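Please open the structure in the viewer and keep the sequence panel visible. The tour proceeds by successive selections.

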Amino acid sequence: MSNQLITGPQTWWTQLRRSVDWVLVTLAVGIIALALINLNSAEGGNWAGELVRDQLRFVAIGTVLMIGAAAIDYRVYYRVAYAVYAVGFGFVLLVTIVGTTTNNATRWLDLAFVRFQPSELMKLVLVIGLARYLHRLARKDARRTLVQTLVFPGLLVLTPALLVIQQPDLSTGIILILIALSVLAVTEFDLKTLLALLSAGVVTFMVAWSFFMQGYQEKRIDVWLDPESHPDEAYQIIQARTAVANGGFFGRGVGQGTQNVLDFVPYKESDFSFAVFAEEWGFVGSTMLLALYMSLVLWAINLASQARDRFAACLCVGVGAMFLWHAVLNVGVVLEFFPNTGLPLPFFSHGGSNVVTMMMSLGVLMSVSRSRKWR
C-alpha cells in the first residue's frame, strides 16, 4: 500500500514531464524570446506593431503544429515518409504552374486562407524522405552499388532543389543540398562516395551558374568580393558591418542602436535581423545567441546518438542541419563571410513559412526524444 501511495501520484504530471524534452523547449523559448525583443526593437519599440504581432501569430500556429508533430510516434513518419515527400514536392512543382510572383521571383502559393512558401516545407519533408531511404538502404546487403548509395538519394535531393533554384531561389536550393549532405555525411560517406559527391557538386554548380543564375545573383557575388567598388549595391553590407562594429563588446542597449533607430540597416526585420541584434547586444549578446543555436544543434546530435534506429537518427541529424546551416549562412552574410543569400535566421527573421516549418521540425525532434533508448 505504501508503494502505491508513493507511486500513485505519477499521473498526468509525471507523464508530461517525461514526454516533453525540456532542453529543446528551453532552447526554443530562449531563442524566440530574444527574436521577439529584436523584432520589437526593429519596429521602434512598438510591442503592438505589425512585425511582433505577426511573428507571435506564426509562433502560435507553429506551436500547435509542433505539439501535433511531437504527439505522433516517429515510426508513423517512417510509414508515410514517401507520401509526405510526394506532397511536399507536389507543392514545389505547383509553384512553377500557379505560383505567385513577387519581386520577379515565383516562390509562393496563394490558397484561399493562407499564403506560404513550399520550399520552406520542402526542407523538412526532404529530411523525412531521405531518412527513410537511408534506413532501408542500411538493411540491404553491405555491397551496395553506387546507384543505390548516390544516384537515388541524389534524385531525392536535386530534383526539388533544381526546381527551387529555378524560381529563382538559389539560397534555398543550396540549403536543401547542404541538409542532405549533412545527413549523408554521417551515414554513407566513404572515399569513393565523397569524391563522387564533390564531382556532382561541381557539375551542379556549373550548371546552375550557366542556366539558372540570375543577373542579380551574379551581382551579389561581385559586390561581396569587392563592396567598395559597388557602393550603391553594397549599401546593405556596409550598413550591417557598421552596425556590428558599433555593438562593441557589450552592445548599445535594446532600442539604442543608431543604425537601427535611424533606419540605416535595410531589411532589418528579415535578412539583416542579426545586424540589429549585434549592435544592441554586442559581442556578449551575439555569442549568447549563437550558443543557443549551437546548443540546439548539439542536442539534436545527442538525440541522434540515443535514437532507437537509423531512421530516427537521420531525422535528428537532418533537423539539426536545418538550424545549423540557416544560422551559419545568415550570420555569415552579416559578417561578410558569404555573399547575400536572403536566407532567414530561424525565429529572428520575420516570416511565417520558415517559423512554422522550424517549429514543426522541433516537434519531429521531440517525437524522437520521447522514444529514446533510455526512456
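The stops below pass from the whole chain to a sheet, a helix and a loop.

**Whole protein.** Begin with everything displayed, bearing in mind that this is a predicted model. A cartoon view shows 15 helices and three strands. Of the 375 residues in the protein, 49% are buried. A surface view corresponds to an accessible area of about 17800 Å², with carbon and sulfur atoms contributing 65% of it. Among contacts with a separation of 6 or more, 70% join residues 24 or more positions apart.

**The sheet.** Next, select residues 100-102, 105-110 and 115-116, which are β1, β2 and β3. The three strands form an open sheet in the order β1-β2-β3, with antiparallel pairing. β1 and β3 are the edge strands; each has a single partner strand, so one side of each lacks a neighbour in the sheet. Now restrict the view to β2 and β3, whose antiparallel pairing runs over two bridges. Which residue in β3 is the bridge partner of Asp110? Display side chains here to locate that partner, Arg115.

**The helix on the sheet.** Add residues 74-98, helix α5, to the selection. Helix α5 packs on the sheet and touches β1, β2 and β3. The direction of α5 makes about 110° with that of β2.

**A loop position.** Finally, select Glu228, in the loop between α10 (215-225) and α11 (235-247). Is Glu228 buried or exposed? Its relative accessible area is 52%, so Glu228 counts as exposed, the cut-off being over 50%. Add Ile238 and draw a C-alpha to C-alpha distance: Glu228 and Ile238 are ten residues apart in sequence and 8.8 Å apart in space.

Key
Residues numbered from 1 in each chain as written. Predicted model: local features only at pLDDT ≥ 70, side-chain atom pairs only at ≥ 80, totals over all residues. Heavy atoms only, no water. Pairing = 2+ DSSP bridges. Helix = DSSP H or I, 4+ residues; strand = E, 2+ residues; numbered from the N terminus. Contact = heavy atoms within 4.5 Å. Axes fitted to C-alpha atoms, helices over the stretch in contact; angles between N-to-C directions. Buried < 20%, exposed > 50% of the residue type's maximum accessible area, 1.4 Å probe, protein only. Areas by Shrake-Rupley, 256 points an atom, 1.4 Å probe, with all protein chains shown as cover.
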